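Biologist: Before I plan my work on this protein, I should like to go through its model with you. Please explain how each conclusion is reached.

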Amino acid sequence: MTFKKTLFTGGLIAGLAATAAFAQDAAAPAADAATAATEAAPVATGGGVSSETAYIFNTLLFLIGGFLVMWMAAGFAMLEAGLVRSKNVSMQCLKNIAIYSIAGIMFWVVGYSLMYTDVNGGYIGTFAAYSFDTVGGNALDTGYSTASDWFFQMAFVAATASIVSGTIAERTKLWPFLIFTAILTGILYPISGSWQWGAGWLSEMGFSDFAGSTIVHSVGGWAALAGALLVGARKGRFPKEGTPTAMPGSSIPLATLGTFILWLGWFGFNGASQLAMGTIGDVSDISRIFANTNLAAAGGVCATLILLQVIYKRVDVTMVLNGALAGLVSITAEPLAPSPLAAILIGAVGGVIVVFAVPMLDKLKIDDVVGAIPVHLLAGIWGTLAVPLTNSGASFSIQLIGIAAYGVFTFVASLVIWGILKATIGIRVSEEEEALGLDRTEVGVEAYPEFAVGRA
């Protein structure tokens, strides 16, 4: 080796050694900082993530679920706009945006605290406005942002009131309906909801309703039934003699769009009711809930299709749309435990209920414009009763007690409120106003002014 090569090799070795020493010295503070950060980090949850990470993902679940359920307000609006006659479309659109707004305010003013604050195994929470976390709050003890939970639960309240809107459409005054909406969303729903979701007396008994087949849908259905009985049927719907008069809706495309929007929103409705997304187990369960929710809706559609063809030799698209919704309502009480086949069958029974319940209501001369009573009330009862079939922790007797409690409380209270409104300010428009359409007489803006004036 020449002198130059020896000098170069020695210099290279010395340089590498110096670099390594420098790197080791520079890495020491970083390693110390990393160790300190690890020691300061929140304790990991059972799923292997920190409590901060779980808090973030749980909050994200509530927010995503909340805006999906909020989007169901658009679904109800489009479904109802499509199933009422053209002269009443603006009224249904107005009612639905008013419902969502009134429900939001009432649930903050008093509803959330009534439902969740200091229930303690009892029957009612606290009459108070709800307070969110402070700006930049990090209440890790809750596991989620309180505002995100309020937002998610508030969207449920609005869905309950929308059920009533469609049933008593085309003959009910606007302001009495909005007054009833305020009482339902601020008082009735939160009180009954506290019995289960607020850790009230039904929760203590072991009643099971995962996402609200009874707590949301049947409650809305009972309130709708009370209203339908007191407001009466639309003029000409049930002649003294002969079969009931069909009153076709204004737009099947709108009704179909509304159904698909509701179907989409239901993934938030059921999926986010897992209430946690901070572990692998939670995320896996949410995925299973999504799949079962979708299968139940498909089961409701297919059962309705087949049954209509067998019985009537033709398929009514509006019944099939309601079959999808009945399947969704049916699976809502327990969307996690069922196998895929069980989910399909549970949804299919919901579709069967629609096919037989709609003509039953006609025989009883109960005018339900959009079919909400079969879909939300009856399918909701079925879904709640079906829980013990797939969830061994549930009991048929306790499920029946819960169904009866929600039914008696909501129906009687709604009947009283509707009765007071009827006796004081009236709840029904005049025959002339009904004939002209509520768009002209109550709203002043017609949805289809070019061709809808004065038409049935």
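Biologist: Which residues does Trp266 touch, not counting residues up to four places away in sequence?

Modeller: Please bear in mind that this is a predicted model. Trp266 belongs to the largest nonpolar core, where Tyr189, Trp266 and Phe269 touch the most other members. With residues up to four places away in sequence set aside, the residues that Trp266 touches are Met72, His217, Gly271, Thr293, Leu325, Leu328, Val329 and Thr332.

Biologist: How many residues are in the core that lies apart from the largest nonpolar core?

Modeller: The largest nonpolar core holds 71 residues. Apart from it lies another core, which includes Leu225, Val231, Trp418 and Val429. The number of residues in that other core is 32.

Biologist: How many helices and how many strands does the protein chain have, and what share of its contacts joins residues at least 24 apart?

Modeller: The secondary structure of the protein chain consists of 16 helices and zero strands. For the contacts, the count takes in pairs of residues at least 6 apart in sequence. Of these contacts, the share that joins residues at least 24 apart is 77%.

Biologist: What percentage of the residues is buried, and what percentage of the exposed area do carbon and sulfur atoms supply?

Modeller: The protein chain has 456 residues, and buried residues make up 51% of them. The area that the chain exposes is about 19,600 Å². Carbon and sulfur atoms supply a share of that area equal to 69%.

Biologist: Which residues lie closest to the centre of the largest pocket?

Modeller: The largest pocket has a volume of about 940 Å³. Its lining is made up of 30 residues, and helices H9 (280-312), H10 and H11 (340-363) are the elements that each give two or more of them. By class, the lining divides into 17 nonpolar, six polar and seven charged residues. Closest to the centre are Arg237, Asp316, Thr318, Met319 and Val358.

Biologist: Which helix gives the most residues to the lining of the second largest pocket?

Modeller: The second largest pocket has a volume of about 250 Å³. Among the residues that line it are Phe62, Tyr116, Asp149, Phe152, Trp197 and Asp209, and the whole lining has eight nonpolar, two polar and two charged residues. With four residues, the helix that gives the most is H4.

Biologist: What is the volume of the largest cavity, and which residues are closest to its centre?

Modeller: There are three cavities of 30 Å³ or more, and the largest contains about 70 Å³ of space. Its lining counts 13 residues, of which seven are nonpolar, five polar and one charged. Helices H2 (51-83), H4 (146-167), H10 (317-332) and H12 (372-385) each supply at least two lining residues. To restate the volume, it is about 70 Å³, and the residues closest to the centre are Phe76, Leu79, Val370, Ala372 and His376.

Biologist: Is Ser162 buried or exposed?

Modeller: Ser162 lies in helix H4. Beyond residues up to four places away in sequence, Ser162 touches Phe76, Glu80, Asn96 and Ile99. Its relative accessibility is 4%, and because buried means under 20%, Ser162 counts as buried.

Biologist: Where is Asp118, and is this residue buried or exposed?

Modeller: Asp118 is located in the loop between helix H3 (89-116) and H4. Its phi is positive, near 60 degrees, in a residue other than glycine. The relative accessibility of Asp118 is 55%, and since the exposed class begins over 50%, Asp118 is exposed.

Biologist: What is the relative accessible area of Asn120?

Modeller: Asn120 is also placed in the loop between H3 and H4. Although Asn120 is not a glycine, its phi is positive, at about 55 degrees. The residue is classed as exposed, and its relative accessible area is 69%.

Biologist: What distance separates the C-alpha atoms of Leu415 and Ala228?

Modeller: Leu415 is found in helix H14 (residues 396-424), and it is partly exposed, with a relative accessible area of 31%. Apart from neighbours within four places in sequence, Leu415 is in contact with Ala226 and Leu230. Leu415 and Ala228 are 187 residues apart along the chain, and the separation of their C-alpha atoms is 9.8 Å.

Terms used:
Residues numbered from 1 in each chain as written. Predicted model: local features only at pLDDT ≥ 70, side-chain atom pairs only at ≥ 80, totals over all residues. Heavy atoms only, no water. 1 Å grid on protein atoms, 1.4 Å probe; cavity = no way out; pocket = protein on both sides within 12 Å on 5 of 7 lines; lining within 4 Å. Points joined across faces, edges and corners; volume = space filled by probe spheres on them. Nonpolar A, V, L, I, M, F, W, Y, C, P; charged D, E, K, R; others polar. Buried < 20%, exposed > 50% of the residue type's maximum accessible area, 1.4 Å probe, protein only. Contact = heavy atoms within 4.5 Å. Areas by Shrake-Rupley, 256 points an atom, 1.4 Å probe, with all protein chains shown as cover. Core = buried A, V, L, I, M, F, W, Y, C linked by side-chain atoms within 4.5 Å.
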